[in-house]
Amino acid sequence: MTPVHPKALHVVYFSPTGGTRRVARRLLAAARTALPGFALFEHDLTLPEDRSGVQRFGPDAVVLFAVPVYFGRMPAILRGFRGLAAEGAVGVPVAVYGNRHYDDALRELGALMTEEGFTVAAGAAFIARHSQWPSLGAGRPDDADEALMGKFLVDLAKKLKAAADAGDEAMLAVKLPGEGEMHPYGVIPTPPRVLDPKDCCRCGSCAEKCPAGIIDPMDFTVTEPEECLGCRACITACPNGARNYPEPFASGIAARMAQIAAANTEPKKPEVFL
Ligand SMILES: Cc1cc2nc3c(=O)[nH]c(=O)nc-3n(C[C@H](O)[C@H](O)[C@H](O)COP(=O)(O)O)c2cc1C
Ligand code: SF4
Ligand code: SF4
């Protein structure tokens, strides 16, 4: 493929509890200034119905794909995802993590985008509030993050222009961090559930918001526990606090997260790769 001057920026995201969406929207806000003349588009892939079709992107498109980091990997539900199809488009994986680390998630997402046909020309890791422990990454992404996003997009546009002017695809190459065997995917032994039926008003919000579509809309039980991502969308969606992890798993998560929080008090800096 001969690189061309792109005209559109698409920010695609998967965001069960909203942190990745906040990063995506900050990227779009930064792009309004950093990329004048680009048409900007937002695509939410969080719910099963959002992922049922295939979206195609031509050679004038740059596609940023932002996903949360779970246990140092990208969400297992997106393994082998073929809902994005590049026909000459440039791809940029964006890992969003809760101030611990993104580990293998960025290179894993980069490999997925390559399999979907994108020419992966850059990558980035940004921080959002940790969905398991809200004090970790609290207030992120913030204005300083958005300023860095703007600089990243300007530098990306320069790289794309240089490659298009030279007609040289090799100039788009990028090395994403990490090598060797990847961390294993995390296992959720017990999904969140209604802990006490008298607290459940049967509003259905948890079933509507589950990105895996595994909550029965009639009785609100989890139908396929092995498919649970542990994303907490159902817990966040519940207006009554009726849904959560049962004991002793809940205490186990809290103890582990307290250790992780204590070891990661320093706010992490976004990282970009070009
Ligand atoms: C099950 C689970 C595992 C997570 N693993 C990590 C991790 O390995 N490193 C990290 O820094 N944050 C981790 N996080 C935090 C999320 O990456 C972060 O909160 C992200 O913003 C969540 O995205 P969302 O708000 O769009 O759902 C994890 C969160 C969950 C729920
Ligand atoms: S059941 Fe599992 S996958 Fe579905 S919203 Fe709850 S935590 Fe996420
Ligand atoms: S969101 Fe909460 S109150 Fe509503 S159906 Fe689910 S568990 Fe019940």
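User: On a 1 Å grid over the protein atoms alone, a cavity is a set of points where a 1.4 Å probe fits but cannot get out, and a molecule sits in one if more than half of its atoms lie within 2 Å of its grid points. Which ligand takes up the space of the second largest cavity?

Analyst: This is a predicted model: local features need pLDDT of at least 70, side-chain atom pairs count only at pLDDT 80 or more, totals for chains, interfaces and linings use all residues, and side-chain values use heavy atoms, with hydrogens and water left out. Residues are numbered from 1 along each chain as its sequence is written, while chains are lettered from A and ligands numbered from 1 in the order in which they are written. The largest cavity is the space taken by ligand 2. The second largest is the space taken by ligand 3.

User: How do the residues around ligand 3 divide by class?

Analyst: Its neighbours (a heavy atom within 4 Å) include Cys200, Cys201, Cys203, Cys206 and Cys238. Val194, Arg202, Gly204, Ser205, Phe220, Pro239 and Asn240 are also among them. Ala, Val, Leu, Ile, Met, Phe, Trp, Tyr, Cys and Pro count as nonpolar, Asp, Glu, Lys and Arg as charged, and the others, Gly among them, as polar. The shell around ligand 3 therefore has 8 nonpolar, 3 polar and 1 charged residues.

User: How many nonpolar residues are in the shell around ligand 2?

Analyst: Around ligand 2 are Cys210, Cys228, Cys231 and Cys234, among others. Pro192, Pro211, Ile215, Leu229, Gly230, Arg232 and Ala233 also belong to this group. One residue of the shell is polar and 1 is charged, and the nonpolar count is 9.

User: Phe220 is listed around ligand 3; is Phe220 buried or exposed?

Analyst: Phe220 lies in the loop between α4 (205-209) and α5 (233-237), where helices (H or I, at least four residues) and strands (E, at least two) are DSSP runs numbered from the N terminus. Its phi is positive, about 65°, although Phe220 is not a glycine. On the scale used, buried means under 20% relative accessible area, exposed over 50%, and partly exposed in between (1.4 Å probe, protein chains only). At 5% relative accessibility, Phe220 is buried.

User: Phe71 also has a positive phi; what is its relative accessibility?

Analyst: Phe71 is found in the loop between β4 and β5. Its phi is about 55°, and Phe71 is not a glycine. Phe71 counts as partly exposed, because its relative accessibility is 41%.

User: Which residue forms a salt bridge with Arg73, in the loop between β4 and β5?

Analyst: A salt bridge is a side-chain nitrogen of Lys or Arg within 4 Å of a carboxyl oxygen of Asp or Glu. Here the closest N and O atoms are 2.9 Å apart, and the partner of Arg73 is Glu108. The partner lies in helix α2 (residues 105-115) and Arg73 between β4 (61-68) and β5 (84-86), so the pair ties together parts that are 35 residues apart in sequence. Both residues are buried, Arg73 and its partner Glu108.

User: How far apart in sequence are the parts tied together by the salt bridge of Asp143 and Arg26?

Analyst: The side chains of Asp143 and Arg26 meet at 2.8 Å, N to O. Asp143 lies in helix α3 (residues 143-166) and Arg26 in helix α1 (residues 19-34), so the parts tied together are apart in sequence by 117 residues.

User: Which residue of helix α3, 120 residues from Arg26, also pairs with Arg26?

Analyst: Arg26 forms a further salt bridge in which the closest N and O atoms are 2.8 Å apart, with Glu146. This pair links distant parts of the chain, helix α1 and helix α3. At 23% relative accessibility the partner is partly exposed, whereas Asp143 is exposed at 59%. The residue asked for is Glu146.

User: How many salt bridges are found in the whole structure?

Analyst: Side chains of opposite charge can pair when their charged atoms come close. The pairs described above include Arg26 with Glu146 and Arg73 with Glu108. A search of the whole structure gives a total of 14.

User: Which proline follows the cis peptide bond from Glu247?

Analyst: One cis peptide bond joins Arg140 and Pro141, with omega about -5°, and Pro141 is in the loop between β8 (123-127) and α3. The cis bond from Glu247 has omega near 5°. Its proline lies in the loop between β10 (243-244) and α6 (249-263) and is Pro248.

User: How far apart are the C-alpha atoms of Phe57 and Ala8?

Analyst: Phe57 is in strand β3 (residues 55-57) and is buried, at 3% relative accessibility. Phe57 and Ala8 are 49 residues apart along the chain, and their C-alpha atoms are separated by 9.7 Å.

User: What feature does UniProt place at residues 9-157?

Analyst: The end C-alpha atoms of this span lie 11 Å apart, and the span is 28% helix and 27% strand. UniProt positions are given in the numbering used here, feature names are shortened, and annotations may be inferred rather than shown by experiment. The unreviewed UniProt entry gives the feature as "domain: Flavodoxin-like".

Conventions:
On a 1 Å grid over the protein atoms alone, a cavity is a set of points where a 1.4 Å probe fits but cannot get out, and a pocket is an open set with protein on both sides within 12 Å along at least five of seven lines; lining residues have an atom within 4 Å of a point.
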